[in-house]
Each structure stands twice: as C-alpha cells, then as structure tokens.
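Open the model in your viewer and keep the selection tool at hand. This tour goes from stop to stop and says what to select next.

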Amino acid sequence: MDARLVAWARAVKARRWRTRGPSPILWLFTDAHRLPDPRAAVARLPRGLAGVVFRHDGDSQRAALGRALARTCRARRLALVVAGDVRLAVALGAGVHLRGGSWSGEARIGRGWLTSSAHTPAELRRAWRARADLVFLSPAFATPSHPGAGGLGPARWSRLARRSRLPVAALGGTNHATVRRLPVRLCCAVGAIGALA
C-alpha cells in the first residue's frame, strides 16, 4: 500500500472535516485480473478513511466474495459499493456504483453511498442527475487497467472536474506522486487498485 498516498488522504480528511464532514478519501477498486482476491488488501485499508468499489464482474464466486468483503468493511468501518448490481448491493447492505452515471435497469434502491464513474461531460451530467454522492473521473493518468491508452492528464482532468456539480475523485494511474499533480480543491478522493493493494 502506498503509505504516502494514505498520508495525503489523512491530510485531505483533516481539511474536509471542518467543512463537509467525514467521508472516504481512498477507494480500492476490485479487479478480477489485477487483484483476483482483494480480501487481504481490503483488510489493510485504513479504518474510517477508505471505501471499496466491488466489481469482479463475471466471477462465479462474486456473491460469496462480496459477503466476505462486506463483513470486513463493517468491521473496519469502510464504505462498500457494488458496481452494476443493485440486488447484490441490497443483499450486502452496501451502496451502489454506477457505470457512466447510468442505472442498469434495476430498481433504484440501495443504501449507503451512491458513486459513479465518468469519462465524459455527458457521463458527469448523468451521474449528477442520478444523485451520486461522488463521481470517479477517469482515467486521470495512464493505467495498467487500460494498456496503451493515455490518461487525461492534470489539465484535461481539471477542466472536466470543474464542470462537475458533484465531488470528484481521481481514478486511473493514481498514487502519491500523481495525485499531487491534481488541484486539491477539485480532487476530493482517489480510486486505485495498485496503490492500495
């Protein structure tokens, strides 16, 4: 785990406590290929400072893994959102993560956090209309999740973040060095795989 990224998150949380209250600053995104078994990584996340975006789409053991992660998240005071599956989110007592601000056609139910990914201005608007609590604008930087594809970079990421009506988190190639290249007034949280695994 990137200790300097954790230190950055603690500083952001200390500043935000006076203005907006506590919320997860670090979000671990699970990934069936890059992090096949995220349980150990989730167990190491800092208490009360982090959340988990549970993906693992197509994994035959997704529900069982989700139950294990939900137990760990409750014990460690970590937020948990489930990507693209409202029914599983409800079963786990978790929030929901939307892809591109769009609901998957299932009923708009669930509890906890409502987060969304966004890659374009249109997806930022959809996330706002969906009443998301937080939007992950990506890819902020080049990332192993999308080999060969470039990231938005600080200037383009910041331009898009300014257009958001929601709090914006950086996702994609984020670590202690890259997050410092983004304006702290725009980047209120970070999503990562490698930096938090």
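A residue counts as buried when its relative accessible area is under 20%, and as exposed when that area is over 50%; in between, the term is partly exposed. By that cut-off Trp-27 is buried, because its relative accessible area is 0%. Keep that residue in mind; the tour returns to it shortly. Note also that this is a predicted model.

**Stop 1: the whole chain**

Show the cartoon. You should find seven helices and eight strands. Rotate the C-alpha trace: along its principal axes it spans about 40 × 40 × 35 Å. The radius of gyration is 15 Å, and a compact globule of 197 residues would come near 16 Å, so the two agree.

Now switch on the surface. The accessible surface is about 9,400 Å². Carbon and sulfur atoms own 52% of that surface. Buried residues make up 53% of the 197 in the protein. Contacts reach across the sequence too: of those with a separation of 6 or more, 56% join residues 24 or more positions apart.

Colour by charge next. There are 34 positive side chains and 9 negative ones. The centres of these two sets lie 11 Å apart.

**Stop 2: the aromatic cluster**

How many aromatic pairs does the count come to? The count is three. Select Trp-27 and Trp-113 to see one of them: the rings sit edge-to-face, 5.9 Å centre to centre, with 80° between the planes. Trp-27 belongs to strand 1 (residues 26-29), while Trp-113 is in the loop between strand 4 (95-98) and strand 5 (114-118), so this pair ties together parts 86 residues apart in sequence. Is Trp-113 buried or exposed, or something in between? Trp-113 is partly exposed, with a relative accessible area of 25%.

Add Phe-29 and Phe-136. Their ring centres are 4.9 Å apart and their planes stand at 90°, so this pair is edge-to-face. Phe-29 is in strand 1 and Phe-136 in strand 6 (residues 134-137), so the pair links parts 107 residues apart in sequence. Phe-29 is buried at 2% relative accessibility. Phe-136 is buried as well, at 0%. Display the four rings together: ring pairs link Trp-27, Phe-29, Trp-113 and Phe-136 into a cluster.

**Stop 3: Ala-169**

Stay with Phe-136 and select its contact Ala-169. Ala-169 is in strand 7 (residues 168-171). Its relative accessibility is 0%, so Ala-169 counts as buried. Which residues does Ala-169 touch, leaving out those up to four places away in sequence? They are Leu-134, Val-135, Phe-136, Leu-137, Trp-157, Ala-189 and Val-190. Then measure from Ala-169 to Leu-182, 13 residues apart along the chain: their C-alpha atoms are separated by 10 Å.

**Stop 4: backbone exceptions**

Most residues other than glycine have a negative phi, and most peptide bonds are trans. The next three selections depart from that pattern.

Go to the bond from Ser-138 to Pro-139. This peptide bond is cis, with omega near -5°. Pro-139 is in the loop between strand 6 and helix 6 (153-162).

Select His-56. It is not a glycine, yet its phi is positive, about 45°. Look for His-56 in the loop between strand 2 (50-54) and helix 3 (62-76). His-56 is buried, at 1% relative accessibility.

Move on to Arg-77 at the other side of helix 3, in the loop between helix 3 and strand 3 (79-83). Arg-77 also has a positive phi, about 55°, without being a glycine. Is Arg-77 buried or exposed? At 59% relative accessibility, Arg-77 counts as exposed.

**Stop 5: Ala-195 and Asp-2**

Finish with Ala-195, in the segment after strand 8 (187-192). Ala-195 is buried, with a relative accessible area of 12%. Now add Asp-2. These two are 193 residues apart along the chain, but their C-alpha atoms are separated by 5.2 Å. Which residues are in contact with Ala-195, leaving aside neighbours within four places in sequence? Show Met-1, Asp-2, Leu-5, Thr-174 and Asn-175.

Conventions: Residues numbered from 1 in each chain as written. Predicted model: local features only at pLDDT ≥ 70, side-chain atom pairs only at ≥ 80, totals over all residues. Heavy atoms only, no water. Helix = DSSP H or I, 4+ residues; strand = E, 2+ residues; numbered from the N terminus. Rg over C-alpha atoms; globule rule 2.2 N^0.38 Å. Buried < 20%, exposed > 50% of the residue type's maximum accessible area, 1.4 Å probe, protein only. Contact = heavy atoms within 4.5 Å. Areas by Shrake-Rupley, 256 points an atom, 1.4 Å probe, with all protein chains shown as cover. Lys, Arg positive; Asp, Glu negative; His and termini not counted. Charge placed at Lys NZ, Arg CZ, Asp CG, Glu CD. Phe/Tyr/Trp six-rings, centres within 6.5 Å; stacked < 30°, edge-to-face > 60°.
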